[in-house]
Amino acid sequence: EGKIFTDGIKNPKIIFVLNHAGFSQVFMLKGQKLPQSFILFLKKSVELPAYFHIYEADSRLPEALKEAGLDVKVRERQQLRFLSDKPVRAGALPKGYKAYDCNEVGFEKLGVFGLGLDKKFWSSASDFINNAYGKCILGPDRTPVSICYSACISCGISEIDILTLPEYRGKGLARIAAQLFINESIAKGLQPNWDCFSDNAASLRIARSFGFIPLKTYRFLSVSNKTKQGAGYAS
């Protein structure tokens, strides 16, 4: 779910795709001068959320966003893909820990991770339950402590999102959750995609140890506007 903004239906010079959770991408021709109308749109539009991200950002965008009065943080991300059809291994869970399908655990219990599973790429709890998949590791007290799930699925590719609660890190749980997720993806005929910041050494180390192949490194912008804090899309 989201919106598409453009400077024209026929022969547009720029297309801005923004999903409802603030993930976006800007498309324009290489070598083309950034349309002044886009900067004006950024300055005046009430449609923009107070905080959003731009993936694979063109090198001209940071200055344009700053010219529009927006705060911009420029970072670098890497995309890796698991291209093999052979299952992976990651070792055994520590004593007292068990892994389950996310739907076996129950959607409400997954709220402990604070991932907004029904608000980002999946539009509702039922959307997540019916269309997503993943693995959740429960601790000795039977509460969820680590999860690896499909943030979205498109064109035969499944986007990995993975999280272990801070107090349970260092036990290898994320690695095992990822291993189980990768193997389920293979069984479903899907290619797992791994995307993280270039300075996240731990995440990249896990991905490479499983045999994920680097596809590209790209510019990632986090954009905020203090004058719109708390604002969302206009109705």
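What follows is a chat between a reader and the author about a predicted model.

Author: Some ground rules: this is a predicted model in which local features need pLDDT of at least 70 and side-chain atom pairs count only at pLDDT 80 or more, while totals for chains, interfaces and linings use all residues. Residues are numbered from 1 along each chain as its sequence is written, and side-chain values use heavy atoms, with hydrogens and water left out.

Reader: How do you know that C148 is in no disulfide?

Author: A disulfide is a pair of cysteine sulfur atoms within 2.5 Å. The nearest cysteine sulfur to that of C148 belongs to C102, and it sits 8.5 Å away. C155 is in no disulfide either, with the sulfur of C152 nearest at 10.0 Å. The count for the structure is 0 disulfides.

Reader: What makes C148 buried and C155 exposed?

Author: Buried means under 20% relative accessible area, exposed over 50%, and partly exposed in between (1.4 Å probe, protein chains only). C148 has 0%, so it is buried. C155 comes out at 77%, so it counts as exposed.

Reader: Why is α5 called a helix, and how does its reach fit the expected span?

Author: Helices are DSSP runs of H or I with at least four residues, strands are runs of E with at least two, and both are numbered from the N terminus. Helix α5 covers residues 173–187, which is 15 residues. The expected span is 1.5 Å times one less than the number of residues. From first C-alpha to last, α5 reaches 21 Å, close to the 21 Å expected. After the helix comes G189, with a positive phi near 75 degrees.

Reader: What makes α5 largely enclosed?

Author: The count does: 12 of its 15 residues are buried, so the rest of the structure largely encloses α5. Among them are L173, F181 and I186. The buried residues pack against several elements, including β7 (134–138), β8 (144–154) and α6 (201–210); contact here means heavy atoms within 4.5 Å.

Reader: How do you know that β7 pairs with β8?

Author: Two strands pair if DSSP finds at least two bridges between them. β7 and β8 have 5 bridges and run antiparallel, so they pass. G134 stands opposite Y149 in β8. In the hairpin of β7 and β8, with 5 residues between the strands, R142 has a positive phi near 70 degrees. β6 also pairs with β7, again antiparallel, over 4 bridges, with K98 opposite L138.

Reader: Which residues of β7 point which way, and are they buried or exposed?

Author: G134, C136 and L138 point one way, K135 and I137 the other, and all are buried. That is 5 of the 5 residues, so β7 is largely enclosed by the rest of the structure.

Reader: Why is the contact of D195 and R77 called a salt bridge?

Author: A salt bridge is a side-chain nitrogen of Lys or Arg within 4 Å of a carboxyl oxygen of Asp or Glu. The D195 and R77 side chains meet at 2.6 Å, N to O, so they qualify. D195 lies in strand β10 and R77 in strand β5, so the pair ties together parts 118 residues apart in sequence. D195 counts as buried at 14%, and R77 is buried at 11%.

Reader: What makes E184 part of a network?

Author: E184 meets K135 in a salt bridge at 3.7 Å, N to O. E184 lies in helix α5 and K135 in strand β7, so that pair ties together parts 49 residues apart in sequence. K188 and E184 also meet in a salt bridge, at 3.9 Å. Salt bridges that share partners join D101, K135, E184 and K188 into one network.
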